[in-house]
Amino acid sequence: MHLYEERCNQNGCPMKVVECIDNRDIIVEFQDVYKAKVKTSYSNFKRGIVRNPYYPTVCGVGISGNKYPIVENGQQVREYDIWLRILNRCFNKELKKKQPTYQNVTCCKEWLLYENFYEWLHSQDNFDKWLNSKRWAVYKDIFVTRNKIYSPEMCCLVPQNVNCLFLKREAERGKYPIGVRYRDGKYLAVCRNPFLDKAVELGYYSTPEKAFQAYKSYKEDIIKQVAKIEYENGNITRKCYEAMMNYEVEIDD
């Protein structure tokens, strides 16, 4: 064993012995921009089985790192769990086949490193509420309609009732615009009202476009009502509130 001895691990990551007490206790430093130090044995070093925490192992692109916890008290921390879910939506080909709504969804380069996502989460004003309630979400579609990129600029933390306002349920829609059903030779406008906890029939119209306009007006009013309540309760940020107040439902949603 030699101090500063170098070799690559099984993933091809260059590493160097930077500290050594004996054959069972050495410190290896990976020779990349992150310079992660890992405690291991000389035997593992020689066999190349020392894991680089900054090698992309999540969906082939995500880097877990070693700066922040992944597991606490035997359970995966919530920050890491959500990060894994986002990367799977963006890069898991099998999941995209099962969930067509994720087909063109991707993630910014910054969030491919867990540490950056973790720090963004903890910087949010309503982080504690998100952390302490499972009925919250990291949502990407409020600031820009039909946004396909998970990024710090496009995402916000919202309670589940806000998240549900923007779900499209495309598989259930059929060939008509969102909020429109064909019944008895006419077009019926229907919108779910979360305050009544039911779908409300808004009337019959001669064209799907007219029915959609009725749905659009009703839906946007619901979004504004929810925005006011959640902002007053301190559950959403000012930026999120303003985006919801200005949100427009499109016929091709």
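**Figure 1. Burial and overall dimensions of the predicted model.** Of the 253 residues in the protein, 45% are buried. The model is predicted, with a mean pLDDT of 94 for the protein. A pLDDT of at least 70 is reached by 98% of the residues. Eight helices and 13 strands make up the secondary structure. The protein is more spread out than a compact globule, because its radius of gyration is 25 Å, well over the 18 Å given by the globule rule for 253 residues. The C-alpha trace spans about 85 × 40 × 30 Å along the principal axes. Among contacts between residues at least 6 apart in sequence, 47% join residues at least 24 apart.

**Figure 2. Surface and charges of the protein.** The accessible surface amounts to about 14,500 Å². Carbon and sulfur atoms account for 46% of that surface. The protein carries 40 positive and 33 negative charges. The mean position of the positive charges and that of the negative charges lie 5 Å apart.

**Figure 3. Helix α4 and its cover.** Helix α4 spans residues 114-123 and has the highest mean pLDDT among the elements of the protein, at 98. The lowest mean, 91, belongs to helix α3, residues 93-98. The buried residues of α4 are Tyr-114, Glu-115, Phe-117, Tyr-118, Trp-120 and Leu-121. Their cover includes two helices, α2 (78-91) and α5 (127-131). Strands β8 (136-139) and β10 (156-159) are also among the elements that cover these residues.

**Figure 4. Helix α8 and its cover.** Helix α8 runs through residues 238-245. Its buried residues are Cys-240, Tyr-241, Ala-243, Met-244 and Met-245. Among the elements covering them are strand β10 and the helices α6 and α7, the latter formed by residues 208-232. Strand β10 also takes part in the cover of the buried residues of α4.

**Figure 5. Surroundings of Cys-107 in strand β7.** Cys-107 belongs to strand β7, which consists of residues 106-107. With a relative accessible area of 9%, below the 20% limit, Cys-107 counts as buried. Beyond four places in sequence, Cys-107 touches Leu-87, Cys-90, Phe-91, Leu-112, Ile-149 and Tyr-150. Tyr-150 is 43 residues from Cys-107 along the chain, yet the two C-alpha atoms are separated by 4.6 Å.

**Figure 6. Surroundings of Tyr-187 in strand β12.** Tyr-187 is part of strand β12, residues 186-193. The residue is buried, as its relative accessible area is 16%. Not counting neighbours within four places in sequence, Tyr-187 has contacts that include four other tyrosines, Tyr-176, Tyr-182, Tyr-204 and Tyr-205. Val-180 and Arg-181 are also in contact with Tyr-187, as are Gly-203, Ser-206, Thr-207, Pro-208 and Ala-211. Lys-210 lies 23 residues from Tyr-187 in sequence, and their C-alpha atoms are 8.4 Å apart.

**Figure 7. Arg-181 in strand β11.** Arg-181 is located in strand β11. A relative accessible area of 46% makes Arg-181 partly exposed. Outside the four places on either side in sequence, its contacts are Lys-186, Tyr-187, Leu-188 and Val-190. Between Arg-181 and Tyr-204 the C-alpha distance is 9.3 Å, for a separation of 23 residues in sequence.

**Figure 8. Ile-178 in the loop between α6 and β11.** The loop that holds Ile-178 joins α6 (160-165) and β11 (180-183). Ile-178 has a relative accessibility of 7% and therefore counts as buried. The C-alpha atoms of Ile-178 and Pro-208 are 9.6 Å apart, with the two positions 30 residues apart in sequence numbering. Pro-208 is also one of the contacts of Tyr-187.

**Figure 9. Positive phi at Tyr-4 and Cys-59.** Most residues other than glycine have a negative phi. Tyr-4 has a positive phi, near 75°. Tyr-4 sits in the segment before β1 (6-8) and is exposed, at 51% relative accessible area. Phi is also positive at Cys-59, near 55°. Cys-59 is placed in the loop between α1 (42-47) and β5 (71-72). With a relative accessible area of 31%, Cys-59 is partly exposed.

Conventions:
Residues are numbered from 1 along each chain as its sequence is written. This is a predicted model: local features need pLDDT of at least 70, side-chain atom pairs count only at pLDDT 80 or more; totals for chains, interfaces and linings use all residues. Side-chain values use heavy atoms; hydrogens and water are left out. pLDDT is the predictor's confidence in each residue, from 0 to 100. Helices (H or I, at least four residues) and strands (E, at least two) are DSSP runs, numbered from the N terminus. The radius of gyration is taken over C-alpha atoms; the globule rule is 2.2 Å times the number of residues to the power 0.38. Buried means under 20% relative accessible area, exposed over 50%, partly exposed in between (1.4 Å probe, protein chains only). Contact means heavy atoms within 4.5 Å. Accessible areas come from the Shrake-Rupley method with a 1.4 Å probe; for residues, only the protein chains shown count as cover. Lys and Arg count as positive and Asp and Glu as negative; His and the chain ends are not counted. The place of a charge is taken as NZ of Lys, CZ of Arg, CG of Asp or CD of Glu.
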